[in-house]
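Trainee: I have not looked at this one before. Can you walk me through it?
Mentor: Yes, here it is.

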Amino acid sequence: MATTLLSILLTLVLAVAAGAGGAALATHWFPLASADAAQPHSAQLLSAATQPQQALSAPVRTCSIRPETEAPAALDFHGLIVDAQTGEVLFEENPEGTHPTASVMKLVTSTSALVTLGPDYRIPTRVYPGNVPGSVVIVGGGDVTLKSSATSYYEGATASLAELAAAVEAAGGATSVGYDTSVFGGDPWHPTWEQKERTDGYISPITALMTDAGRTDPNNMYSPRTTSPAQDAAADFASAVGAPLDDAVFVEPGSEPIAEVWSQPVSELVEYVLVDSDNVVAEALARLVAIERGTGNTFEAVDAAADASLEELGLDASTFVGADGSGMSRDNRASASLIVSLVEAIHTDTDGLGFLIDFLPENSLTGTLKDRLGTVPAGAIKAKTGWIDQVFALAGTMTAEDGTELIFAIFVPVENPDGSQITGLGNRNALDAIAAATWSCGATLSNY
């Protein structure tokens with residue numbers, strides 16, 4: 001009401017002024033704004049006034065991990081750490097620089113297998129009639145978990161030589177046995193792999209036909225591996241069939257299989273790859289991805305196939321080089337930025353990859369982190385480990401001391417990864433110190 005009276009009085013005053021020659025003044029009059037019209041402006045001012053207070057409520061980022069990342073034992077440190085919820089970069093050090101991956105490569109291989117082959121894909125091993133009357137040929141399809149006996153390190157393995165032999169016997173038996181490994185091609189042993197990795201039980205030559213991933217003791221995770229996995233598997237099968245092995249026997253052209261067995265699905269095989277860091281299963285999956293992608297069936301085909309898989313997930317593969325599928329080669333390359341992007345895709349369940357988080361080793365609890373990072377509460381860090389002579393690596397997620405969820409990829413590589421420099425236990429300890437310091441900082445982690 002007061003505003004209305006004021007408007008009337010002002011109108012009368014201006015009318016008088018206009019009559020006294022004040023017409024120019026009247027033409028510049030505007031109605032007074034009502035109290036209701038002014039309210040949005042007042043709310044806007046109030047909102048603006050509270051902005052500084054809202055900013056002050058965010059954590060003050062003053063916690064530094066530079067003493068750990070700049071320690072001599074951290075070598076040529078590369079890393080990227082982000083807030084898992086907001087995507088904010090909390091810390092970075094040369095995140096686009098490339099370096100050997102070690103077994104962090106298995107994150108690429110596992111996701112590539114799921115994206116390309118699918119979680120339900122199973123790997124076959126088949127027996128066909130041979131080109132010699134009465135003969136049979138066992139054809140490897142890449143299932144390296146095929147069991148040579150009743151028990152195996154791979155507790156979930158679903159295929160065995162005994163099952164194949166029983167099917168052959170039911171079909172009338174065999175007079176001789178041949179074998180076929182042509183699904184995989186090229187050199188079965190990567191030229192950058194050290195022979196000690198075979199004798200120490202980490203990896204075997206990669207062939208499409210093998211049992212127990214080439215272990216000489218089927219039940220021992222780190223059993224020394226054979227130098228002739230295909231021949232050994234074929235000989236064991238021939239023995240189970242009760243017929244001699246004959247290298248001159250080949251698959252009868254146009255024939256159908258008389259027996260077949262199937263591996264666990266890819267969704268289960270990747271658990272061996274991530275929890276136990278199984279190199280042979282990883283290499284087999286990488287070859288199968290390459291075959292499916294049409295890039296080939298050798299080590300040389302792995303890179304292009306992995307690139308295509310990463311790009312299908314919407315990731316930039318320009319910093320990636322895949323020399324093998326396990327990460328054992330010093331010629332593999334990736335950046336911390338790429339690996340963080342891949343972990344983010346897993347974390348957000350892109351293409352149904354989210355379950356892989358449960359397959360990452362947990363500190364003080366499972367897999368290759370079972371005996372590490374004891375100063376951090378058990379299970380607070382879930383990450384893929386990596387180690388070869390040229391680098392120690394760790395990539396995954398952590399729930400920090402303050403409850404903040406972080407995604408990270410950190411690497412302690414030698415400056416020159418050509419094989420002339422090697423890492424040691426002190427470098428692994430430096431990597432773990434960086435991870436533990438990051439856990440302590442949480443949302444207050446500073447880049448300085």
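What follows is a talk through the sheets, a helix pair, the cavities and the pockets.

Trainee: What should I know before starting?
Mentor: This is a predicted model, where local features need pLDDT of at least 70, side-chain atom pairs count only at pLDDT 80 or more, and totals for chains, interfaces and linings use all residues. Residues are numbered from 1 along each chain as its sequence is written, and side-chain values use heavy atoms, with hydrogens and water left out.

Trainee: And what counts as a helix or a strand?
Mentor: Both are DSSP runs numbered from the N terminus: helices are H or I with at least four residues, strands are E with at least two.

Trainee: Ok, sheets. What is the order in the open sheet of five strands?
Mentor: The order is 2-1-11-10-9, with antiparallel pairing. Two strands pair if DSSP finds at least two bridges between them.

Trainee: Which are the edge strands?
Mentor: Strand 2 (89-93) and strand 9 (381-388), each of which pairs on one side only. From one strand to the next, the twist averages 5°. Angles run from 0 to 180 degrees between N-to-C directions, and axes are lines fitted to C-alpha atoms, for helices over the stretch in contact.

Trainee: How many bridges between strand 1 and strand 2?
Mentor: Four, with strand 1 (residues 78-83) and strand 2 paired in the antiparallel sense. Val82 has Val89 of strand 2 as its bridge partner, and Gly79 has Glu93. The hairpin of these two strands has five residues between them, and Gly87 there takes a positive phi near 80°.

Trainee: Which strands does helix 12 lie across?
Mentor: Helix 12 (residues 425-441) lies across strand 1, strand 9, strand 10 (391-399) and strand 11 (405-413), and runs at about 20° to strand 10.

Trainee: Next, the open sheet of four strands. What is the pairing there?
Mentor: Mixed, in the order 6-5-4-7. Strand 6 (176-180) and strand 7 (259-262) are at the edges with a single partner strand each, so one side of each has no neighbour in the sheet. Neighbouring strands of this sheet are turned by 15° against each other on average, direction ignored.

Trainee: How do strand 4 and strand 5 run?
Mentor: Strand 4 (residues 124-129) and strand 5 (residues 135-139) run antiparallel and are joined by four bridges. Tyr128 has Val137 of strand 5 as its bridge partner.

Trainee: Which strands does helix 5 lie across?
Mentor: Helix 5 (residues 161-170) lies across strand 4, strand 5 and strand 7, at about 160° to strand 7. Helix 7 (residues 229-241) lies across strand 4, strand 5 and strand 6, at about 150° to strand 6.

Trainee: Switching topic. At what angle do helix 4 and helix 8 cross?
Mentor: The axes of helix 4 (residues 105-116) and helix 8 (residues 266-275) cross at roughly 180° and come within 10 Å. That makes helix 4 roughly antiparallel to helix 8, a label for angles over 145 degrees.

Trainee: Which residues of helix 4 make the contact?
Mentor: Lys106, Leu107, Ser110, Ala113 and Leu114, against Val266, Ser267, Val270, Val273 and Leu274 of helix 8. Contact means heavy atoms within 4.5 Å. By class, this contact has seven nonpolar, two polar and one charged residues. Nonpolar covers Ala, Val, Leu, Ile, Met, Phe, Trp, Tyr, Cys and Pro, charged covers Asp, Glu, Lys and Arg, and the others, Gly among them, are polar.

Trainee: How many cavities of 30 Å³ or more?
Mentor: Two. On a 1 Å grid over the protein atoms alone, a cavity is a set of points where a 1.4 Å probe fits but cannot get out, while a pocket is an open set with protein on both sides within 12 Å along at least five of seven lines; lining residues have an atom within 4 Å of a point. Points are joined across faces, edges and corners, and a volume is the space filled by probe spheres set on them.

Trainee: What lines the largest cavity?
Mentor: Thr109, Ser112, Ala286, Val289, Val302, Ala305 and Ala306. The volume of the largest cavity is about 50 Å³, and helix 10 gives the most to its lining, with three residues.

Trainee: And the largest pocket, what volume?
Mentor: About 690 Å³. Of its 32 lining residues, Tyr202, Tyr222, Thr368, Thr385 and Trp387 are the closest to its centre. Strand 9 supplies the largest share of that lining, five residues. By class, the lining has 10 nonpolar, eight polar and 14 charged residues.

Technical notes
Parallel < 35°, antiparallel > 145°, perpendicular 65-115°, else oblique.
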